[in-house]
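Colleague: Got a few minutes? I'd like to go through the labels on this model and hear what stands behind each one.

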Amino acid sequence: MACRVLGWAVPPPPRLTRRFLFIFTLSLSCTYLCYSLLFCCDSLMQSRGLGEHRCLLIRNVGGKKLLQKSPYCSLEGPSPSAASPGAPALSSAPAPAPRLASTNHSGTPKLGTKRLPQAIIVGVKKGGTRAVLEFIRVHPDVRAVGTEPHFFDRNYDRGLDWYRSLMPRTLESQITMEKTPSYFVTKEAPRRIFNMSRDTKLIVVVRNPVTRAISDYTQTLSKKPDIPTFEGLSFRNRSLGLVDMSWNAIRIGMYVVHLESWLQYFPLAQIHFVSGERLITDPAGEMGRVQDFLGIKRVITDKHFYFNKTKGFPCLKKTESSILPRCLGKSKGRTHVQIDPEVIDQLRDFYRPYNIKFYETVGQDFRWE
């Protein structure tokens with residue numbers, strides 16, 4: 001059938017136009033469907049070929065482990081252990097960096113270890129033990145208990161674990177110390193300390209026994225104003241010059257008698273004697289010898305001290321860690337009660353043979369005569 005008449009195009013009938021549009025639309029739909037199916041199959045094949053890139057995301061929901069396959073998970077995503085229990089979904093945000101353990105500026109642990117003391121100030125009462133303790137605590141290689149534990153005389157039945165719990169925490173390079181002056185006159189103390197450690201270093205601060213006895217009495221009088229006089233307590237019979245050695249203030253000053261018990265367990269080289277008098281006139285020199293005995297560097301020197309005229313003994317200058325200079329408490333440096341000079345002379349005569357034997361034993365003249 002001819003479609004052109006004299007060069008003019010003849011339009012198709014309306015029914016043919018509708019059929020043509022229907023077929024054309026159906027063809028486009030089929031083409032789109034085919035391409036979609038081909039794309040999905042191709043993707044499926046690719047995912048099977050690259051199975052090693054699939055991630056198994058483990059979640060713990062209600063105590064049950066669920067496995068979920070995801071072809072688009074990132075290898076840098078959070079690990080399975082990082083998933084929060086009961087979390088509804090995993091976030092696409094990067095996991096936070098792990099939190100490091102807390103350390104101090106030096107890189108060492110903030111806290112050390114509680115250890116039994118390697119050095120003990122064992123005596124004597126009213127000799128200057130508190131001053132030695134406070135002065136040596138300035139040293140960075142020494143840590144000490146502030147209060148007196150009284151373990152080896154009053155609390156021994158509590159055991160070494162209890163004793164250790166009182167100690168400050170120290171690093172391996174530091175020395176642990178404590179001071180309890182009554183140890184020196186406690187008969188059981190040398191054996192008990194030896195049983196703890198035969199390597200324990202012992203420090204004894206000694207002082208003129210007459211002056212020490214007066215200081216001891218002065219302290220007791222401040223607490224018990226109604227006690228008898230010093231003279232009355234010192235003598236059993238003053239007219240005969242019989243000194244009452246049972247009075248503790250007198251007996252403590254018989255240093256050589258107490259030292260004999262210590263020498264049964266410790267060699268003399270393991271006991272250091274500090275002069276209470278020189279501790280006042282030359283604190284840096286005495287503390288230098290203490291540092292040598294402990295085997296630590298001489299850090300405490302003249303620059304750490306100044307003499308307090310009011311108290312009558314040296315104090316520590318202020319440091320970077322303290323706002324004010326550090327002196328001993330109000331109970332230290334009390335004015336002694338006035339004692340009859342004849343009583344003092346009688347007590348000097350009493351102590352003289354004990355002092356001389358003490359000098360010979362320790363190899364040091366303290367010049368108390």
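What follows is a short back-and-forth about those labels.

Modeller: Before we start, keep in mind that this is a predicted model. Where shall we begin?

Colleague: With helix α4, residues 189–196. Which of its residues are buried?

Modeller: The buried ones are A189, P190, R192, I193 and M196.

Colleague: How do you know that they line one face of the helix?

Modeller: Looking down the axis of α4, the buried residues fall within an arc of 165°, so one face is what they line. The general background is that an α-helix has 3.6 residues a turn, so residues three or four places apart point the same way.

Colleague: And what do the buried residues of α4 pack against?

Modeller: Their partners are β6 (119–123), α3 (160–165), β10 (201–206) and α8 (255–263).

Colleague: Next, α5 and α11. Why are these two helices called oblique to each other?

Modeller: Helix α5 (residues 209–223) and helix α11 (residues 341–362) have axes that cross at roughly 125° and come within 9 Å. Roughly perpendicular covers 65 to 115 degrees and roughly antiparallel starts over 145, with the rest counted as oblique once the parallel range is also set aside. The angle fits neither of those ranges, nor the one under 35 degrees, and α5 and α11 are therefore oblique.

Colleague: Which residues make the contact?

Modeller: On the α5 side, P209, V210 and I214; on the α11 side, I344, L347, R348, Y351 and N355. By class, that contact has six nonpolar residues, one polar and one charged.

Colleague: S215 is found in α5 too. What makes S215 buried rather than exposed?

Modeller: S215 has a relative accessible area of 8%, and buried means under 20%, so the label fits. Leaving aside neighbours within four places in sequence, S215 is in contact with K126, R207 and H336. An unreviewed UniProt entry places a "binding site" feature at a set of positions including S215, K126, R207 and H336.

Colleague: T335 is in that UniProt feature as well. Is T335 buried or exposed, and how do you know?

Modeller: Exposed: its relative accessible area is 71%, and the cut-off is over 50%. T335 lies in the loop between β15 (313–316) and α11.

Colleague: What about P149, in the loop between β7 (142–144) and α3? Why is P149 called buried?

Modeller: With a relative accessible area of 7%, P149 is under the 20% limit, so buried is the word. Its contacts, neighbours within four places aside, include W162, Y163, L166 and Y183. The C-alpha atoms of P149 and L166 are separated by 7.6 Å, though the two are 17 residues apart along the chain.

Colleague: Any backbone oddities? Which residues have a positive phi without being glycine?

Modeller: H150 and R367 are two, each with a phi of about 55°. Most residues other than glycine have a negative phi, and most peptide bonds are trans.

Colleague: Where do H150 and R367 sit, and is each buried or exposed?

Modeller: H150 is in the loop between β7 and α3 and is buried, at 11% relative accessible area. R367 is in the segment after α11 and is exposed, at 70%.

Colleague: And which peptide bond is cis?

Modeller: The one from G123 to V124, with omega near -5°. V124 has its place in the loop between β6 and α2 (129–136).

How values were computed:
Residues are numbered from 1 along each chain as its sequence is written. This is a predicted model: local features need pLDDT of at least 70, side-chain atom pairs count only at pLDDT 80 or more; totals for chains, interfaces and linings use all residues. Side-chain values use heavy atoms; hydrogens and water are left out. Buried means under 20% relative accessible area, exposed over 50%, partly exposed in between (1.4 Å probe, protein chains only). Helices (H or I, at least four residues) and strands (E, at least two) are DSSP runs, numbered from the N terminus. The arc is that of the directions from the helix axis to the C-beta atoms. Contact means heavy atoms within 4.5 Å. Axes are lines fitted to C-alpha atoms, for helices over the stretch in contact, and angles run from 0 to 180 degrees between N-to-C directions. Ala, Val, Leu, Ile, Met, Phe, Trp, Tyr, Cys and Pro count as nonpolar, Asp, Glu, Lys and Arg as charged, and the others, Gly among them, as polar. UniProt positions are given in the numbering used here, feature names are shortened, and annotations may be inferred rather than shown by experiment.
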